Amino acid sequence: MRVIARLDIKGPNVVKTVRTEGLRVVGTPKDLSERYYAEGADELVYMDIVASLYQRNLDFEQLKSVSENVFIPLTAGGGIRSLHDIGMALRSGADKIAINTYAIKDPEFIRKAAEVYGPQCIVLSVEAKKTGEGKWEALTDGGRERTGIDALEWIRRGISLGAGEILLTSIDADGTRKGYDLDLIKEVTSFSSVPVIAHGGAGTPADMVEAARAGVEAVCASSLFHYSLASFNQVKGALTEAKYPVRTI
Amino acid sequence: MKILPHIVIVDYGVGNLWSLSKALAQFADVEITEERQRIEKADAIILPGVGTFKAGMEGLAVRGLTEAIKERARAGVPVLGICLGAQLLLERGHEFGEQDGLGLIKGEVVQLPAMPPGVTMPVIGWQEVVPTQQPGAAALFAGITNPFFYFVHSYMFVPKEESVLAKTTYGGYQYAAALGEKNIFGVQFHPEKSGQAGLKLLENFIRSIKQ
């Protein structure tokens, strides 16, 4: 089981949003990424949360500064809309690229990107909002825009197009610290042939164990680590106790 | 002051060279290059890579680097292949059709076998690596107390047993994680993305370089 810290980036800062509304600065991308690396994060997600909305590119120089002393896998996302963008992000220290908004506009982009860079490089980022019993809608632009697209169908399609991993965010749970949307996770892990990363709502190590039981291969959190609600060691201790193997440092 | 060994990272159009160069720069004078002349002057050669076997060999060929790398390796210059770069060291690959590799290590590159239900592919994640008793294994993994490394792949190298320096297990299946013969080494994982364990392995490789 991988334990991943997520950095939501806005300009020079790491911010934390609550249900995409309230927004608080929690630090700088470089400081937080180096701290999480040293403390035992298995992976980082670097997500520019406004690039897509403003149709901007990632700040590749910032990405380089974030990755220069951080020797664990890094997934970068936000505003990715061309093969050139992917190439630039990979040359700036990213190993994997998260794509949401542009993939929904042009699903073939997933296939093209996976053909050039390999499926292992292409992470389908899905922002799912519950619309009814067993129903979720895929949102775009950092959870701001509705699409009318069924999230589960979209994930099936994304996998068939070549996405190598699913970063599954529950927009409803995100920022609540009340636990992941386990129903959503179970639905997706029941059919996904590629690894699923749970994101949105983790408030305790026990929440992460629950996500592991629901079938994910990685758990991702932001608030939990930003506000030191638990350390990486505590999370990994809980996972180990529940018999999920983790990397120790 | 000790002069750091000069190592080149071969840039043949694939892979995250930024992280690798930053990791190696802690122990060596690092140059990223696609020029044959620069590669011929280096104290050691790093062959990185992400992507398919075919694209990798074509990337070397189109830059006119295939023979230069083989020549330097046979002349005794230390070579470390990483992920796809390690696979290219072998004789043949089978990804998108059969394709000749560099042939510096005997063996082939084949797809990982079908996994039990619920075990996802490609392999993406941290795995424990166990060094073998072969010569060279102890030096490459010296001082690594928590041997967890980051793997991302769906093909694997299958060298002769005596070239296997470490093994790992995924989905209950055990396979080679590191290989080596004399001055030539290859790792299936990404040391530049494997935290302190990975940095230590890179340092061990660089310490093996005799200037």
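This is a short chat about a predicted model with chains A and B.

User: What do I need to know about the model and its labels?
Analyst: The model is predicted, so local features need pLDDT of at least 70 and side-chain atom pairs count only at pLDDT 80 or more, while totals for chains, interfaces and linings use all residues. Residues are numbered from 1 along each chain as its sequence is written, and chains are lettered from A and ligands numbered from 1 in the order in which they are written.

User: How many residues does each chain give to the contact?
Analyst: Chain A gives 26 residues and chain B gives 24 residues. Two residues are in contact if their C-beta atoms, placed from the backbone, lie within 7 Å.

User: Which elements of chain A give two or more residues there?
Analyst: Helix H2 (60–67) and helix H3 (83–91) of chain A. Helices (H or I, at least four residues) and strands (E, at least two) are DSSP runs, numbered from the N terminus.

User: Switching to sheets. What is the strand order in the open sheet of chain B?
Analyst: The order is E6-E5-E7-E10 (chain B), 4 strands with mixed pairing. Two strands pair if DSSP finds at least two bridges between them.

User: Which strands stand at the edges?
Analyst: Strand E6 (99–100) and strand E10 (155–159) of chain B. Each has a single partner strand, so one side of each is left without a neighbour in the sheet.

User: How many bridges do E7 and E10(B) have?
Analyst: Strand E7 (residues 107–111) of chain B and E10(B) pair over 5 bridges, in the antiparallel sense. B:Gln111 has B:Tyr155 as its bridge partner in E10(B).

User: Now helices. At what angle do H8 and H10 of chain A pack?
Analyst: Helix H8 (residues 205–213) and helix H10 (residues 232–241) of chain A pack at about 45°, with axes 9 Å apart. Axes are lines fitted to C-alpha atoms, for helices over the stretch in contact, and angles run from 0 to 180 degrees between N-to-C directions.

User: Any odd peptide bonds, and where?
Analyst: A cis peptide bond joins B:Met121 and B:Pro122, with omega about 0°. B:Pro122 is in the loop between E7 and strand E8 (123–131) of chain B.

User: And A:Lys243, buried or exposed?
Analyst: A:Lys243 is exposed, with 8 other C-beta atoms within 10 Å. A residue is buried if 20 or more other C-beta atoms lie within 10 Å of its own, exposed if 12 or fewer, and partly exposed in between; C-beta atoms are placed from the backbone. A:Lys243 lies in the segment after H10 of chain A, and its phi is near 75°, a positive value in a residue other than glycine.
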